[in-house]
Amino acid sequence: AREELPRLMDQAEPFQRQTARDIVLKELGKPLEDVFEKFPDEPVAAASIGQVYRAKLIGGAEVAVKVQRPGAKDLVEKDLALLRWIAGSPPAKKYGRENLGCDLQVIVDEFGETLLEELDYEQEANNMRDFGNNFKGDPNVAVPFVYPEYTTERLLVMSWLDGVRCTDLDAMRGFRINIDEFIQRGVASGLRQLLEFGLFHGDPHPGNVFAMPDGRIGYVDFGNVVEISQTNKEALLDAVIHAMNEDYEEMARDFVRLGFIAEGTDIRPLVPALQSTWRESVGSGIADFSFRDVTNKFSALVYLFPIRIPARFALVIRTLLTQEGICLTLNPQFRFLEAAYPYTAKRLLSDPLYSSRLCQILIKGGVFDWERLHTLVLLSMQGARKSGFWVWASTMLDGVKVVFNDPRTVRDIALAMLRSLRLAFRGMASAWWAFLRGQRPGVEPLGVPTTHGATP
């Protein structure tokens, strides 16, 4: 199924050549020969909403020309009206209230808004420009640029990306692309969209994600994007941290903060369910973690508790599942958390916006956890172009800068460090005193265990 679905996503029956040329002529307001040096008869891809041609502008620039399928908008609007009518029927309303805690028409409206945005190619052009600006200077990501003078609501002209499907292993090996490094770039670029930019590609199937000859990841088709507010970005990062810390009460509160559960709902019954679900998902470690498995397990909670997944997060979940599927196609041993942790660790140690979250990671029971700091630094160094002392020192310096940007974080971490050093000193002093008394720590001279430990 994983191999068949991508074929359905971008291989619809193309509409006729003359129809496409008539649409382009109407949208440009001038003959094709005045704009294009070459415009082919056949599209390179056809989907349900439109089809794409590989053309050449006068002057020689190769471009992708996206032409909207005739009547697509009218058909979508009629289908949405029918869906909304069905969702408003008494049985549908009853089902929505009892099983989802909301009106099904609200869900249809959210879905319809997203779908209608996909039909506006000028909006897609704006999304593409935003993505290009976000990844400007990133050596690992390629985004086409738009020709606004030739772009309308039904016609989109952009630069051509000369890559291959991101699941075409033979072609990627022909480019001498390191597959594991390519996967890491993909995960990092996805997390940057989600946690850094707040603008997320909503449809990254293999027909929309390319492997470029130089190893970069190329994104196309920006009609379906997800915008995440700064508040939600921070709440998502908090949810990751609470999961790492196994703080299930805070995880339940994260559901409220993210809009999965209505304000004022009693979340206490959800806490043990989250604990059981998360522990089953992680198993014996992050090597056992599968985003698809954890999604399936959490989906069961929707029917047991008043949880409704907002439309934007439904798209985020679908996107992450698609990305995990691509990575598993490239490497069946891929594990999402193993790939995601290095980026998250680097953000925690380098971004002042997230400095307050460091305390949640590095302080346990009021005591500084040196082992977690060591793990964070090692994770954040993964994927660096260089290795060794200078990378370690640079990473530590970034962390120090982040901490000193927030006086409260400085105070909390300093106090936790003092407590940990005090406990360590007391432990060493106790062990030394036991040695001087001629006994092993925690054992009386006759070999009878004491009631106290080495650390009072």
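**Entry 1: Arg176**

I began with Arg176, which sits in the loop between helix H7 (169–174) and H8. I note at the outset that the model I am reading is predicted.

I asked whether Arg176 is buried or exposed. Its relative accessible area is 77%, and exposed means over 50%, so Arg176 counts as exposed. I then looked up its backbone angle: phi of Arg176 is near 60°, a positive value in a residue other than glycine. Finally I looked for a residue distant along the chain and recorded Asp214, 38 residues apart from Arg176, with 8.6 Å between the two C-alpha atoms.

**Entry 2: Asp221**

I looked for another residue other than glycine with a positive phi and noted Asp221, where the angle is near 65°. Asp221 belongs to the loop between E10 and strand E11 (225–227). I found its relative accessibility to be 24%, and Asp221 therefore counts as partly exposed.

**Entry 3: The sheet beside H8**

I turned next to strand pairing. Strands of a sheet pair through backbone hydrogen bonds, either parallel or antiparallel.

In which order do the four strands of the open sheet stand? I read the order as E5-E10-E9-E7, and the pairing is mixed. Strand E5 (141–142) and strand E7 (164–165) are the edge strands; each has a single partner strand, so one side of each is left without a neighbour in the sheet. I followed E7 to its partner: two bridges join E7 to strand E9 (residues 209–211), and the two run antiparallel. At this pairing, Arg165 stands opposite Phe210 in E9.

I also checked what packs on this sheet. Helix H8 does so, touching E5, E9 and E10. The direction of H8 makes about 45° with that of E10.

**Entry 4: Strand E3 and its partners**

I then listed the pairings of strand E3 (residues 50–57). With E4, E3 pairs in the antiparallel sense over seven bridges. I recorded two of the residue pairs: Val52 has Lys66 in E4 as its bridge partner, and Gly50 has Gln68 in E4. E3 and E4 form a hairpin with four residues between the strands, and in this hairpin Gly59 takes a positive phi near 115°.

Strand E1 (residues 36–38) also pairs with E3, antiparallel and over two bridges. Here Lys38 has Lys56 in E3 as its bridge partner. Strand E2 (residues 45–46) likewise pairs with E3 in the antiparallel sense over two bridges, and the partner of Ala46 in E3 is Gln51. I noted that E2 and E3 form a hairpin as well, with three residues between them.

**Entry 5: Strand E4**

I followed the chain of pairings onward from E4. Strand E6 (residues 155–159) pairs with E4 in the antiparallel sense over five bridges. In E6, Met158 is the bridge partner of Ala64.

I next asked why strand E4 (residues 62–68) can be called largely enclosed by the rest of the structure. Six of its seven residues are buried, and E4 is therefore largely enclosed; the cut-off for buried is under 20% relative accessible area.

**Entry 6: Helix H10**

Which residues of helix H10 (residues 248–257) are buried? I listed Tyr248, Met251, Ala252, Asp254, Phe255 and Val256. I then looked up what these buried residues pack against and found helix H9 (230–244), helix H11 (270–282) and helix H12 (291–302). After H10 comes Gly259, and its phi is positive, near 90°.

**Entry 7: The largest cavity**

My last search was for enclosed space. Rolling a probe the size of a water molecule over the atoms shows where empty space is left.

How many cavities of 30 Å³ or more does the structure hold? I recorded two. The largest cavity contains about 170 Å³ of space. Its lining is made by 16 residues, of which Gly186, Val209, Gln323, Ile326 and Cys327 are the closest to its centre. The elements that give two or more residues to this lining are helix H8 (179–197), strand E10 (217–219) and helix H13 (311–330). I noted that H8 and E10 also appear in my entry on the sheet, where H8 touches E10.

I closed by sorting the lining of the largest cavity by class: 12 residues are nonpolar, three are polar and one is charged.

How values were computed. Residues numbered from 1 in each chain as written. Predicted model: local features only at pLDDT ≥ 70, side-chain atom pairs only at ≥ 80, totals over all residues. Heavy atoms only, no water. 1 Å grid on protein atoms, 1.4 Å probe; cavity = no way out; pocket = protein on both sides within 12 Å on 5 of 7 lines; lining within 4 Å. Points joined across faces, edges and corners; volume = space filled by probe spheres on them. Nonpolar A, V, L, I, M, F, W, Y, C, P; charged D, E, K, R; others polar. Buried < 20%, exposed > 50% of the residue type's maximum accessible area, 1.4 Å probe, protein only. Pairing = 2+ DSSP bridges. Contact = heavy atoms within 4.5 Å. Axes fitted to C-alpha atoms, helices over the stretch in contact; angles between N-to-C directions.
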